[in-house]
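Colleague: I should be grateful for a close look at the disulfide bonding in this model. Please describe the cysteines concerned and their surroundings in the fold.

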Amino acid sequence: MGADPGRGRGRRLRSAALLGCGGVLVAGCASMPDSGDVHAVQASQRADSQVQVYAVPPREGAAADEIVDGFLEAMTSDDPQFATARKYLTPQAARAWKPDLATTVLADGPNPEPNRTNDKGDSSSFTFTVTGKPVAVVDKQHAYQPARPRTTYNETIHLVRESGPGGKEWRIDSLPEGLLLGQSDFQRIYRSVNKYYFASGQERLLVADPVYVRQRNDPETQMNLVTQTVMTVLEGPTNWLRPVVSSRFPSGTELKEGTTALSFDDRNALKVPLNERASNVGGGQCRKMAAQVLFTLRDLTATRVSQVELDRADGSQLCVLSGDQADYAPDHISSNPGQYFLDSQGRLARMRDAVRDGTDSTGTSGGTDGDVVTQQVAGPLGRGEQKLRTVAVARNEQDAAGVSTDGRSLYVAPIVSDGELVKTLVTSQSKDPAKDGLSAPSWDGRGDLWVADRDPDHSRLLRLEKGAGQPQEVDVAGLNGARIEQVRMSADGVRIALLVAEGGHTTLRIGRVERIGDPEHPQVSVVELRPGAPQMEDVTAVSWAGRSRLVVVGKESGGLQQQLRYMQTDGSTSAAGNVPGANRVTEIAAADDERLPLVAHSKEDGIVRLPPGANWKTAVKTGSSPVYPG
């Protein structure tokens, strides 16, 4: 061959041609356009999700390392059925390779190194060891699974010489399963999408199930983004969420055969043709099926979806659901939730934006602090009958719960009218309640109240059904002696965010809330804890910031600077990414509506707010425990 088959070390970043039509040729260039500009593009620089990437077949006489590099690059392409990538494989390997089986994501991309340890001495085979720092695996269900910390990816690619038109050529005959992508390529190619299912036992409560789909046509199915997304809804919930949700689509429902390009019409309405399995469903069930698609598409598109029409396989209409008819709310919160906090005297107050005449937006006078009007809520908590150190407002904004300043007791009271201050049966016996005691409480969308007792001798998670009565101790599988420091319930009530202290670090875990037995008074447990912010070694505060999104305050491993970051519940980084930092944040609160400001407590600046597109600004100089309902 006249060349060392293993020359060079690691994966070389190859030049590519950016064509006038918006396509990119990777792993070399087989032909060039006869007009338009040509630019060099490295794999890590292809940030534009609209740029299409096309692989180039191996050149005649290519060395073994070129074959490996070319194949790894070709996996980042948009070629139908990965036809060009398969040209780097032997015929048998090309037939056996299943790129849709899983996608492994590595931080800095795969790094192949020659490894001749087990190769034959006659140069008829060549082995490369592929290494990297694992970030995640996206499985066949499109579910994102973060890698365990401090693990290493280590797999092999084996090549043999095969007879070709130009003589013996190197081809890959053994390789890792699925796709292997660097993180920058993964972020360019894939997009996080929420699909929706009904909470078990609930007829009107939808739950978000985040998955990753390709941003352009899928090479294997040729489906566009909308079609891929609808197809993931029909495939059913991911394994982690499946025990607590259900789909209203009959088992076996798929898109009508041959459907690859669903698209919105000029009214922003979508028709979805289904196969025979869905042809005989009733109108009520069909509208719930359409609601699952409608809410999924709302998260996918920037413009409002006007309606979804589901059609039978013969083309006749099954049902239609318009946007203004879809009241299957994925949350239980008003369109304009209040921003609450505890003032310097431990009283529950509400913040509102000030207007020029010195009154708040509702016309009620109150104390002003900069651009914010504050006013104590009605009822005993606003009057300070019981001073509080932490608080939670119910999602219907009728009641609130708070922990006493000594950390021992939990109280509940109405906040819209005069009413009784109720000392619940939740009590911490911690010897140092100021340090340990009860965590801040949290309400779910079902009206249940949750709190953690951080007593080192008897740490536990407690639930008060409808905020009253005898507290139920909730079993949390997988804690293994770790202590819950903070509790944040999702609006749908089937997911819980926990800050867990163990081994000198506090990390974020997301658990699934399961209910068994009597639907009216179920036995509740939390199972299958998984990392919520795997990049962070220490987490200070967390809040739900959407239907499958959290805002997290913490530090990365080895990091000194506090960071604020949006995370998905599957452990992936949200598209919104990092949040501008504030000084020494100890508490954070966010609303499901991203148009509303983040609210935080800073040790240096008091209660601060971050409206979209603006900077942090002090709202209240003295106060603590800022919260939105929940």
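Modeller: The link of Cys-286 and Cys-319 is left-handed, with -80° about the S-S bond. Cys-286 belongs to helix 6 (residues 283-300) and Cys-319 to strand 17 (residues 317-322), so the bond ties together parts that are 33 residues apart in sequence. Helices (H or I, at least four residues) and strands (E, at least two) are DSSP runs, numbered from the N terminus. The model is a predicted one, in which local features need pLDDT of at least 70 and side-chain atom pairs count only at pLDDT 80 or more, while totals for chains, interfaces and linings use all residues. Residues are numbered from 1 along each chain as its sequence is written, and side-chain values use heavy atoms, with hydrogens and water left out.

A disulfide is a covalent bond between the sulfur atoms of two cysteines. The criterion applied here is a pair of cysteine sulfur atoms within 2.5 Å. In Cys-286 and Cys-319 the sulfur atoms are 2.0 Å apart. A search of the whole structure finds 1 disulfide.

As to the surroundings, both Cys-286 and Cys-319 are buried; that term means under 20% relative accessible area, with exposed over 50% and partly exposed in between (1.4 Å probe, protein chains only). In summary, a left-handed link joins two buried cysteines, one in helix 6 and the other in strand 17.
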